[in-house]
Amino acid sequence: MAIMHLDIVSAEEEIFSGNVKNIIAAAMMGEVGIYPQHTPMITPLKPGEIKVITEEDEEHLFFISGGVLEVQPNIVTVLADTAIRGEDLDEAKAAESKKRAEEALAEKSENIDAAKALSELAQAAAQLKMIESLRKKANK
């Protein structure tokens with residue numbers, strides 16, 4: 001059984017470290033699947049889900065707000081701005097964040113940083129999408 005080591009690290013803490021069979025991440029160029037002995041690469045990540053299958057065949061889901069994925073033959077590192085375990089996502093907080101960002105964009109005042117509001121909107125929408133996906137999976 002081929003495995004690789006994965007580290008998911010945010011600015012605040014290490015979220016995950018362990019051996020895995022594969023990783024699926026939301027890269028800027030599209031969703032990427034990483035398996036052992038993958039060609040080395042570095043790619044930016046957009047806000048979204050990282051799905052990990054451990055060597056024990058357990059699935060773990062993580063939300064990242066963006067960052068970088070680095071792949072070496074036997075080691076993969078995710079450096080994320082913010083990383084949250086799927087089960088720790090807060091739907092009410094994400095919905096409120098989305099609402100605030102939408103209101104900020106609607107104001108169109110000189111005091112609004114449109115790029116920041118768009119970034120917050122993308123993160124909140126990605127979190128809500130992941131929460132919905134987790135809910136559907138739990139109801140199966």
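This tour moves through a predicted model, from the whole chain to selected residues.

**The whole chain**

Begin with the entire chain displayed as a cartoon. The chain contains two helices and eight strands. Colour the cartoon from the N terminus to the C terminus, and the elements appear in the order β-β-β-β-β-β-β-β-α-α. The strands therefore come before the helices along the sequence, as the pattern shows.

Next, switch to a surface representation. The accessible surface of the chain amounts to about 8,100 Å², and carbon and sulfur atoms account for 50% of that area. Of the 140 residues, 36% are buried. Among contacts with a separation of 6 or more, 52% join residues that are 24 or more positions apart.

**The largest pocket**

Keep the surface in view and select Ala 26, Glu 31, Gly 48, Glu 49 and Lys 129. These are the residues nearest the centre of the largest pocket, whose lining comprises 13 residues. The volume of this pocket is about 340 Å³.

Which elements each supply at least two residues of the lining? They are β2 (14–27), β3 (30–34), β4 (41–54) and α2 (114–138). Colour these four elements separately to follow the wall of the pocket. The greatest contribution comes from β4, which gives five residues. If the lining is then coloured by class, five nonpolar, three polar and five charged residues appear.

**The two salt bridges**

Return to the cartoon and show charged side chains as sticks. Side chains of opposite charge can pair when their charged atoms come close. Two salt bridges are present in the structure.

Select Lys 21 and Asp 57 for one of them; the distance from N to O is 2.5 Å. Lys 21 belongs to strand β2, whereas Asp 57 sits in the loop between β4 and β5 (59–64), so this pair links parts of the chain that are 36 residues apart in sequence.

Now select Lys 51 and Glu 59. Their closest N and O atoms are 3.7 Å apart, and the two residues form a salt bridge. Lys 51 is partly exposed, at 27% relative accessibility. Glu 59 is also partly exposed, with a relative accessible area of 35%.

**Two loop residues with positive phi**

Stay with Asp 57 and display the backbone. Asp 57 is not a glycine, yet its phi is positive, at about 65°. Is this residue of the loop between β4 and β5 buried or exposed? With a relative accessible area of 53%, Asp 57 is exposed, because the cut-off for that class is over 50%.

Move to Gln 37, in the loop between β3 and β4. Gln 37 likewise has a positive phi, of about 70°, although it is not a glycine. Its relative accessible area of 55% places Gln 37 among the exposed residues.

**Buried positions in strands β6 and β7**

Select Leu 69, which lies in strand β6 (residues 67–71). Leu 69 is buried, at 0% relative accessibility. Show the residues around it: beyond those up to four places away in sequence, Leu 69 touches Val 32, Ile 34, Met 41, Ile 42, Thr 43, Leu 45, Val 76, Thr 77 and Val 78. Then draw a distance from the C-alpha atom of Leu 69 to that of Ile 8; the separation is 9.2 Å, for residues 61 apart along the chain.

From Leu 69, step to one of its contacts, Thr 77. Thr 77 is part of strand β7 (residues 75–80). At 18% relative accessibility Thr 77 counts as buried, because the cut-off is under 20%. Apart from neighbours within four places in sequence, Thr 77 is in contact with Asp 7, Val 68, Leu 69 and Glu 70.

**A buried loop residue**

Finally, select Ser 65, in the loop between β5 and β6. Is Ser 65 buried or exposed? Ser 65 is buried, with 8% relative accessibility. Show Pro 47, Asp 81, Thr 82 and Gln 123 to see its contacts outside the neighbours within four places in sequence.

Definitions and conventions. Residues are numbered from 1 along each chain as its sequence is written. This is a predicted model: local features need pLDDT of at least 70, side-chain atom pairs count only at pLDDT 80 or more; totals for chains, interfaces and linings use all residues. Side-chain values use heavy atoms; hydrogens and water are left out. Buried means under 20% relative accessible area, exposed over 50%, partly exposed in between (1.4 Å probe, protein chains only). Contact means heavy atoms within 4.5 Å. Accessible areas come from the Shrake-Rupley method with a 1.4 Å probe; for residues, only the protein chains shown count as cover. On a 1 Å grid over the protein atoms alone, a cavity is a set of points where a 1.4 Å probe fits but cannot get out, and a pocket is an open set with protein on both sides within 12 Å along at least five of seven lines; lining residues have an atom within 4 Å of a point. Grid points are joined across faces, edges and corners, and a volume is the space filled by probe spheres set on the points. Ala, Val, Leu, Ile, Met, Phe, Trp, Tyr, Cys and Pro count as nonpolar, Asp, Glu, Lys and Arg as charged, and the others, Gly among them, as polar. A salt bridge is a side-chain nitrogen of Lys or Arg within 4 Å of a carboxyl oxygen of Asp or Glu.
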